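This report describes one protein structure and the ligand placed in it. Please look over the sequence and the model before reading on.

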Amino acid sequence: MEELMSNRMVISSSVREAGNDPIFHIAELAKKRIAEVGHEPVINSTIGSLMDDDGNLVAFDSVYSTFRNLKDTEIAAYASIAGIPEFLENVVYACFKHHKPDGYIEAVATPGGTGAVRNAIANYSEIGDEVLVQDWHWAPYGTIAQENRRKITTFELFDENGNFNFKSYENKVLELLEKQKRILTILNTPAHNPTGYNISDDEWKQLVEFYTKTANEHPDWRIIVLCDIAYIDFAGKGESARQFMEILSGMPENVLPLYAYSASKAMTMYGLRNGALLCVAPTQEIADEFKASCSFSNRGTWSNGTRSAQATLAKIISNDQLREAYEAEQADWRNTLQTRAKAFMDSAKEVGLKTCTYRDGFFISIPCENREAIRDYLADQKNFFIVALKKGLRFAPCAVNEEKCGRAPALIKAAIDKFD
Ligand SMILES: Cc1ncc(COP(=O)(O)O)c(C=O)c1O
């Protein structure tokens, strides 16, 4: 009845608010200010991509020289539904490098990490289920879950010392397992968005013990652990950040580790939409089932991925010279990012600005109360554009040069003192 009265054409569960993306809005304001006063006086910390010191998007030469050498037909053709074979072979290295875990590994190409998260949610949680994510988290998890008629629920990422909060996590996992008999738990690590937290290898060992014990006690339960590694190549030295992958294996057959690999940040391929969902299955049967379900999902959503992006990754990873050039370029930018983040964290310490535990990555988070008022004040009064999240502010060293990274904490601290 209500439907007939409202002139609404979409179904009730598809009614959405238009244009309410908070990051997009503040990013637009920053762009406008830069157009008015120039780049120099503005700190634009709203962008989630790697930018050079002058605020231009970084696009790796090693990637785009390979891309430009593709034949027109390699760009124009469809990819296979699961991804072109050369991509599927080489994305395994791109994901695990020299830390390939024991197990039956399969990969299915997806449009970015977003597609990988989508396929994991659609195939490893029931309609109506709650998917477990960190309380500080990438907001689209909620969108993807909702779009697929699921929900997200959260645990507290940090304990009182700023380390992984096992109590909160384990309680929530067990609560959901009792209720749903299966759980899909998404852990965005290392270089977590938005805090920069890395789950340490010791913490992973404890998690593996917990999964193993729980799974052995309840063979009818299903535990699916999705590691969202979107930023992994900007953590540690890239390679060392992958040690945990070998820890997360050898568990009972009712535990399945999955990996959402994204070429967006790793290869500066944001708009080319390239990534993969990979499984490290305990049996061939579970790996085959993964491949069949995720390929079917591809066909039923985006059909297939971007062939040129898949071919570029395959050519780079399979050729020693190209791969070394790519990894060297990536390492240079990782160093730049780490230098910028250090400038921010050192100066945060100096001025007494409290942040979430930051180890690596594109973002640093600052817990605070009146974050929208602080964001607006900084934008209006200080030419400083920062993102307000549910639990605080998100600063982006990926997009801000070292000098501005060093200056930002004092501005944030003064604003927090004024409003909180
Ligand atoms: C935490 C996290 N996961 C996954 C993604 C997926 O990105 P894309 O679909 O561009 O690969 C992003 C992108 O910002 C992210 O921040």
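## Annotated domain

UniProt positions are given here in the numbering used for this structure, feature names are shortened, and annotations may be inferred rather than shown by experiment. The model itself is predicted.

An unreviewed UniProt entry carries the annotation "domain: Aminotransferase class I/classII large", and the annotation covers residues 42-408. Helix makes up 46% of the span 42-408 and strand 17%. The C-alpha atoms at the two ends of this span are 11 Å apart.

## Where the ligand sits

The largest pocket holds the ligand. Around the ligand there are 14 residues, and those that come nearest are T114, D228, Y231, S262 and K265. Sorted by type, the shell contains 4 nonpolar, 7 polar and 3 charged residues.

Two helices, α6 (112-124) and α11 (263-266), each supply at least two residues of this shell. The most comes from α6, which gives 3 residues.

## Polar contacts with the ligand

Three side chains can be described by their distances to oxygen atoms of the ligand. For Y231, a polar side-chain atom lies 2.6 Å from a ligand oxygen. For K265, a polar side-chain atom is 2.7 Å from an oxygen atom of the ligand. For N193, an N or O atom of the side chain is 2.8 Å from a ligand oxygen. On its own the ligand has 390 Å² of accessible area, and the protein covers 91% of this area.

Y231 and K265 are thus named twice in this report: both are among the residues that come nearest to the ligand, and each places a polar side-chain atom by a ligand oxygen, at 2.6 Å for Y231 and at 2.7 Å for K265.

## Backbone features

Most residues other than glycine have a negative phi, and most peptide bonds are trans. Where does the backbone of this model depart from that pattern, with a cis peptide bond or a positive phi?

The peptide bond from T189 to P190 is cis, with omega near -10°. The bond from N193 to P194 is cis as well, with omega near 15°. P190 is in the loop between β5 (182-188) and α9 (201-217), and P194 is also found in the loop between β5 and α9. N193, which precedes P194 at the second cis bond, is also the residue with a side-chain N or O atom 2.8 Å from a ligand oxygen.

R149 is not a glycine, yet its phi is positive, near 65°. R149 belongs to the loop between α7 (140-147) and β4 (151-155).

Definitions and conventions: Residues are numbered from 1 along each chain as its sequence is written. This is a predicted model: local features need pLDDT of at least 70, side-chain atom pairs count only at pLDDT 80 or more; totals for chains, interfaces and linings use all residues. Side-chain values use heavy atoms; hydrogens and water are left out. A residue is near a molecule or strand if one of its heavy atoms lies within 4 Å of it. A polar contact is a pair of N or O atoms within 3.5 Å; within protein, one must be able to donate a hydrogen and the other to accept it, and residues adjacent in sequence count only if both atoms are side-chain atoms. Accessible areas come from the Shrake-Rupley method with a 1.4 Å probe; for residues, only the protein chains shown count as cover. On a 1 Å grid over the protein atoms alone, a cavity is a set of points where a 1.4 Å probe fits but cannot get out, and a pocket is an open set with protein on both sides within 12 Å along at least five of seven lines; lining residues have an atom within 4 Å of a point. A molecule sits in a cavity or pocket if more than half of its atoms lie within 2 Å of its grid points. Helices (H or I, at least four residues) and strands (E, at least two) are DSSP runs, numbered from the N terminus. Ala, Val, Leu, Ile, Met, Phe, Trp, Tyr, Cys and Pro count as nonpolar, Asp, Glu, Lys and Arg as charged, and the others, Gly among them, as polar.
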